[in-house]
Amino acid sequence: MTAVTDHTGGQEPAEPVAAAEAEPPEHAEVAEAEESVWDDGLIARRVAAEEEIRAREEAYHSRGLTYDAPLRARLDAMRELVGLSRTRLDGRTLAEAGQVLDQAAARRGLSERHTVVAVAGATGSGKSTLFNALAGVAISDTGVRRPTTAAPLACSWSDGAASLLDRLEIPGRLRRRPLQGPDPDPRLAGLVLIDLPDHDSAAVAHREHVDRMLKLVDAVIWVVDPEKYGDAVLHERYLRPLAGHAEVTFVVLNQTDRLPGDSADLVLDDLRRLLDEDGIALGEHGEPGATVLALSALTGDGVGELRDALGQFVAERGAAARRISADLDAAARQLKPVYAPGRRIGLSERAREEFADRLSEAVGAGAAGEAAERSWRRGASKACGTPWLRLWRWYEAQRTGPAAAPDDSAPVDEEATARQRVEQAVRTVGDEAAAGLPAPWAQAVRDAAARGGEGLPEALDELAVSAALPARKPPRPGWWPMAVLVQALMTLLQVVGGLWLFGQVVGVAEPNLTAPVLLMMAGIVGGPCVEWACRMAARGPARRYGQEAERKLREAAAACGRQRVLDPVASELLRYREVREQYMKVLGVVPSVMGGSGGLGGSGGLDGSGVGTGAFSVGSGTVGSLGRVTELSTTSR
């Protein structure tokens with residue numbers, strides 16, 4: 001067959017021209033009637049042939065590939081996943097995912113009518129012979145010289161595949177057309193067959209061609225021979241890594257004419273065993289998977305069966321989408337270590353409480369509460385104590401000076417917020433929040449906690465000075481005036497009894513010792529009793545006052561730690577939740593989100609790869625208060 005190369009580098013068939021030259025009878029009569037203008041008739045025939053070529057090209061001008069909704073959703077999720085992860089993961093980790101997105105976008109803009117199938121194999125496997133047998137004409141060179149195929153060679157069964165071949169970087173001189181019989185198989189109309197160099201070639205450039213092409217084609221026909229079908233290079237470098245691409249894979253045992261008797265069936269069974277060990281699903285009994293055949297390209301035995309399988313495969317027009325889906329699966333498996341946790345993760349309520357306890361201990365909240373309680377009791381003692389005791393305390397204060405007066409109201413001293421305690425608390429909460437997370441996200445959580453803890457000791461110091469000091473004059477309860485009045489009455493009884501007794505001694509009053517003595521004893525005994533009763537009554541309010549002061553300082557310290565440490569940690573956990581959800585969508589699993597009072601939740605099972613869909617929960621709180629939104633749980637196997 002003769003091929004014509006168009007000016008764009010693509011191959012156009014010579015048949016249209018030949019058909020135009022073989023004029024029907026009516027055209028011949030017209031030509032004989034117009035012999036004087038035979039040149040114009042030749043030109044007209046050439047114009048008609050060119051128009052026919054253009055019409056056929058327009059008929060085969062394919063629309064861009066259309067992905068179904070699930071695949072589009074997975075691609076969008078992968079794109080979102082890569083975007084959210086760029087600041088947390090290095091470029092090498094995301095490289096394969098980025099390549100899959102690029103290849104999916106590039107393939108989407110190309111022909112949906114065509115399916116690009118590469119013929120790959122080892123040296124001497126007979127792949128070029130099989131390529132020629134499928135094309136029906138000797139297109140690819142064959143022979144004993146090794147390597148025989150030096151560059152990829154393309155054979156397109158229909159027009160409109162130029163853009164696909166341009167993407168594969170196959171020049172026009174290496175593009176061919178098959179030999180079409182009188183009744184061509186319409187199912188092969190969209191087939192584009194690529195003959196690749198040997199994957200085990202001694203020439204590095206040949207292996208590079210193979211590796212590059214295998215990432216771009218829609219499907220692959222692996223040609224093996226009875227001698228090297230178990231070659232470790234083939235299985236470890238190609239078949240095993242591409243096990244997830246079984247639905248777009250053909251494995252052909254060639255050269256069965258060299259095997260005597262039933263040996264071909266035995267070798268084919270052993271080949272299936274090796275493919276199963278590689279993790280490649282075999283398309284048997286109507287199940288999706290790789291197609292495994294035995295044939296002889298030299299004798300033609302079994303080639304028709306392969307051509308039928310290819311015809312059905314191409315007619316479905318789903319190879320490109322299945323290839324992209326398999327690439328997504330492979331990229332997702334590679335990313336599993338950085339998105340799939342090994343245990344339940346998150347910062348529990350207990351961990352947050354322990355962090356608040358450590359900060360309150362560092363800021364001296366307990367000592368501040370005790371000081372406030374003592375201050376309240378001291379105020380009650382001063383208000384309800386006997387005047388003689390108050391007078392004595394005033395005298396002592398005047399004698400020793402005001403500097404010696406106790407000042408128990410200060411809740412913290414200069415060492416209340418020990419830096420080491422705060423740093424240890426920050427490290428502990430960072431480690432607990434990062435427990436179970438994949439390494440990159442765990443490090444991001446620890447870094448967020450460390451950044452927030454850098455100025456935390458100083459902030460706690462300022463907080464202790466400005467907000468934690470209890471009032472120097474605690475509020476008085478309602479019963480204090482009554483207690484003061486009773487205490488004054490007891491003092492009055494002592495004074496009246498004393499004056500009455502003094503009057504009797506000096507003779508001013510009638511002698512009667514019983515009454516003044518009783519009055520004095522009632523005042524002397526009643527005063528301390530009233531003071532003791534007031535002290536007992538003040539214990540409860542004083543304790544509550546101290547607890548309130550401790551609570552305020554504790555909450556202030558917890559709020560400071562939440563703002564500086566827990567909020568950034570919660571932000572990292574929420575970011576991980578977002579990328580985790582996108583990763584689930586890439587796997588084809590959409591985690592359900594259930595609304596709840598004050599939080600978000602969701603539950604899921606296990607996907608086919610053993611990665612948990614996750615049970616995401618954000619603890620009681622609101623997104624506006626991220627310090628309370630730090631319980632993020634995912635379950636994974």
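**A sheet and the helices beside it**

Let me begin with a pair of strands: strand 7, residues 219-224, and strand 8, residues 249-253, run parallel and are joined by 5 bridges, and within that pairing V220 has T249 of strand 8 as its bridge partner. I should say at once that what we are looking at is a predicted model.

Stepping back from that pair, we find an open sheet of 7 strands with mixed pairing, in the order 5-4-6-3-7-8-9. The edges are taken by strand 5 (175-176) and strand 9 (291-294), each of which has a single partner strand, so one side of each is left without a neighbour in the sheet. Across strand 3, strand 6, strand 7, strand 8 and strand 9 lies helix 11, residues 303-316, which runs at about 175° to strand 8.

I turn now to helix 12, which has 21 residues and spans 29 Å from its first C-alpha to its last, close to the 30 Å expected at 1.5 Å a residue. There is nevertheless a kink of about 35° in helix 12 at R333, shortly before the proline P337.

What does helix 12 meet in helix 4? Among the residues of helix 4 in this contact are L71, L75 and M78, while those of helix 12 include I324, L328 and L335; taken together, the residues of the contact divide into 10 nonpolar, 2 polar and 2 charged. As for the geometry, the axes of helix 4 (residues 69-85) and helix 12 (residues 319-339) come within 11 Å and cross at roughly 35°, and the crossing is left-handed.

Conventions
Residues numbered from 1 in each chain as written. Predicted model: local features only at pLDDT ≥ 70, side-chain atom pairs only at ≥ 80, totals over all residues. Heavy atoms only, no water. Axes fitted to C-alpha atoms, helices over the stretch in contact; angles between N-to-C directions. Helix = DSSP H or I, 4+ residues; strand = E, 2+ residues; numbered from the N terminus. Left-handed = near helix turned anticlockwise from the far one by under 90°. Contact = heavy atoms within 4.5 Å. Nonpolar A, V, L, I, M, F, W, Y, C, P; charged D, E, K, R; others polar. Pairing = 2+ DSSP bridges. Expected span 1.5 Å × (residues − 1). Bend = angle between axes of the 7 residues up to and from the residue.
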